[in-house]
Each structure stands twice: as structure tokens, then as C-alpha cells.
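Trainee: I should like to go through the reasoning behind the labels given to this structure. May we take the terms one by one?

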Amino acid sequence: MLRQDGPLLLAADDRSVPGKIGVRSTTLPDGSSALLGFTSAPEVVAYSPTDAVATMTVSAVLHKMRSDGYGGL
């Protein structure tokens, strides 16, 4: 149950396209894409040291998942 619209961190790519920040995703076993979400910046860097950290609210992440067709988080 979501009681607060707190921060959620996403793995981000700030190097591939100059001036743009993209969020990282992974492919799930069913072929759908999932965002890489974390609860702390050290988790993001531990997962991939070259990634940046993008902070979004939980509701913004859920909106992005729905609007961009992600199958999971």
C-alpha cells in the first residue's frame, strides 16, 4: 500500500545523448521492459558504476510506467 508519494531513484544514462537524460531499463523474461528503480543512490551505483541517479516521485514513476508501456519496476 502506498501511503506517501516519496522519492524513488532510477538508474539514468546522462552520457549517450548530450543534453538528455534517459532512464535505464531491463528486459524481463516475458520480453517486456522494466525500469530500474532503487531506494538509495548507493544501490544505483552498486548496480552500475557508470549510471547516474534520477530522482522522481513514486507517482511520477508510476505515470511513466503506464504512459511508456513498461511492464515492471
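Mentor: Let us begin with helix α2, in a model that is predicted. H63 and R66 are exposed on the other side of α2 from its buried residues.

Trainee: What makes H63 and R66 count as exposed?

Mentor: The term requires a relative accessible area over 50%, and H63 and R66 of α2 carry that label.

Trainee: Which residues of α2 are buried?

Mentor: V58, V61 and M65 are buried in α2. They cover an arc of only 65° around the axis, so they lie on the same side of α2. Residues three or four places apart point the same way because an α-helix has 3.6 residues a turn.

Trainee: What do the buried residues of α2 pack against?

Mentor: Their partners are β1, β4 (33–35) and β6 (52–57).

Trainee: Why is the pair K64 and D68 called a salt bridge?

Mentor: The N to O distance between the side chains of K64 and D68 is 2.8 Å. The cut-off is within 4 Å for a Lys or Arg nitrogen and an Asp or Glu carboxyl oxygen, so the pair qualifies. K64 and D68 both belong to helix α2 (residues 58–68) and are 4 residues apart, about one turn of the helix.

Trainee: Why are K64 and D68 called partly exposed?

Mentor: K64 has a relative accessible area of 21%, and D68 has 44%. Partly exposed covers what is neither under 20% nor over 50%, so both residues receive that label.

Trainee: How do you know that R15 and D14 form a salt bridge?

Mentor: The closest N and O atoms of R15 and D14 are 4.0 Å apart, and the criterion is within 4 Å. R15 counts as exposed at 63% relative accessibility, whereas D14 is partly exposed at 39%.

Trainee: What does the salt bridge between R24 and D13 tie together?

Mentor: The closest N and O atoms of R24 and D13 are 3.9 Å apart. R24 lies in the loop between β2 (22–23) and β3 (25–27) and D13 in strand β1 (residues 7–13), so the pair ties together parts that are 11 residues apart in sequence.

Trainee: Is D13 buried or exposed?

Mentor: D13 has a relative accessible area of 14%; buried means under 20%, so D13 is buried. R24, at 30%, counts as partly exposed.

Trainee: Which residues are linked with D13 in a network of salt bridges?

Mentor: R24 and D51 are linked with D13 in that network. The structure holds 4 salt bridges.

Terms used:
Residues numbered from 1 in each chain as written. Predicted model: local features only at pLDDT ≥ 70, side-chain atom pairs only at ≥ 80, totals over all residues. Heavy atoms only, no water. Helix = DSSP H or I, 4+ residues; strand = E, 2+ residues; numbered from the N terminus. Buried < 20%, exposed > 50% of the residue type's maximum accessible area, 1.4 Å probe, protein only. Arc of directions from axis to C-beta. Contact = heavy atoms within 4.5 Å.
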